Amino acid sequence: GQLCNATNNIMKKTTIPNKVTLGFTTVTIKLLDTHISKDIGEQYGSYINSVPYTIYLDRTIIERGGPDALNLVIHEFLHHTHHMHELDNNTTEELLVNTYANDITELLVRSELKDWILEQLGASVRGIKGLVVNKH
């Protein structure tokens, strides 16, 4: 009984999607080997703000998952938000905050990234000692 249940409860790891719809645009996600992203690009992620919109991410960080991977993905998508909504130094604080909040909510609730994001959040929550997660 218990061995069978334990085997059936092994979590399948969600892979990051290669295309994400945000608003009226589609962003392609491409994973790069660490030596390319860090040694050549000197960064863990990069956003290309012309069609086809593309986000390059360090494969090792994404495959490791958790808060660092989630932060990297959200960071790069916020570059997309900034570009698509033509935000700049003259944009009011309220418009900036509202625009970022709308796109973050879109990523969390409706995008192809939703399941991957939830998995990263779950890994973070499980890592907090003593936290009780409501399973309803």
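How many residues does the hairpin use to join strand 3 to strand 4? In this predicted model, the hairpin makes the connection through 5 residues. This turn is a good place to begin a walk through the chain, and the wider layout comes next.

The chain holds 6 helices and 4 strands. Read from the N terminus on, its elements follow the order α-β-β-α-β-β-α-α-α-α. Of the 136 residues in the chain, 31% are buried. Contacts across the sequence are also informative: among those with a separation of 6 or more, 60% are between residues 24 or more positions apart.

The strands can be taken together as a sheet. Strands of a sheet pair through backbone hydrogen bonds, either parallel or antiparallel. Here the 4 strands form an open sheet in the order 1-2-4-3, and the pairing is mixed. Strand 1 (19-22) and strand 3 (45-48) are at the edges with a single partner strand each, so one side of each has no neighbour in the sheet. From one strand to the next, the twist averages 20°.

Two of the pairings show what "mixed" looks like in practice. Strand 2 (residues 25-32) pairs with strand 4 (residues 54-58) in the parallel sense, over 5 bridges. Within this pair, lysine 30 is found opposite tyrosine 56 of strand 4. Strand 3 and strand 4, by contrast, run antiparallel and are joined by 4 bridges. Here tyrosine 47 has isoleucine 55 in strand 4 as its bridge partner.

The loop between strand 3 and strand 4 deserves a second look, as proline 52 is placed there. Most residues other than glycine have a negative phi, and most peptide bonds are trans. The bond that joins valine 51 and proline 52, however, is a cis peptide bond, with omega at about -5°. Another backbone feature appears at glutamate 86, where phi is near 50°, a positive value in a residue other than glycine. Glutamate 86 is located in the loop between helix 4 and helix 5. With a relative accessibility of 67%, glutamate 86 counts as exposed, because the cut-off for that class is over 50%.

The helices on either side of that loop can now be described. Helix 4 (residues 67-84) lies across strand 1, strand 2, strand 3 and strand 4, and runs at about 20° to strand 3. Two packed helices are described by the angle between their axes and the distance between the axes. For helix 4 and helix 5 (residues 93-109), the packing angle is about 130° and the axes are 10 Å apart. The two helices, helix 4 and helix 5, are therefore oblique to each other. Helix 4 passes helix 5 in a right-handed crossing.

Which residues of the two helices meet? On the helix 4 side they are Phe77, Leu78, Thr81 and His82, and on the helix 5 side Thr99, Tyr100, Asp103, Ile104 and Leu107. The residues of this contact divide into 5 nonpolar, 3 polar and 1 charged.

One member of that group, threonine 99, can be followed further. Threonine 99 lies in helix 5. Is threonine 99 buried or exposed? Its relative accessibility is 8%, and threonine 99 therefore counts as buried, a class that takes values under 20%. Leaving aside neighbours within four places in sequence, threonine 99 is in contact with Thr81, His85 and Leu87. The C-alpha atoms of threonine 99 and histidine 82 are separated by 8.5 Å, and the two residues are 17 residues apart along the chain.

Notes:
Residues are numbered from 1 along each chain as its sequence is written. This is a predicted model: local features need pLDDT of at least 70, side-chain atom pairs count only at pLDDT 80 or more; totals for chains, interfaces and linings use all residues. Side-chain values use heavy atoms; hydrogens and water are left out. Two strands pair if DSSP finds at least two bridges between them. Axes are lines fitted to C-alpha atoms, for helices over the stretch in contact, and angles run from 0 to 180 degrees between N-to-C directions. Contact means heavy atoms within 4.5 Å. Angles under 35 degrees count as roughly parallel, over 145 as roughly antiparallel, 65 to 115 as roughly perpendicular and the rest as oblique. A crossing is left-handed if the near helix is turned anticlockwise from the far one by less than a right angle, and right-handed if clockwise. Ala, Val, Leu, Ile, Met, Phe, Trp, Tyr, Cys and Pro count as nonpolar, Asp, Glu, Lys and Arg as charged, and the others, Gly among them, as polar. Buried means under 20% relative accessible area, exposed over 50%, partly exposed in between (1.4 Å probe, protein chains only).
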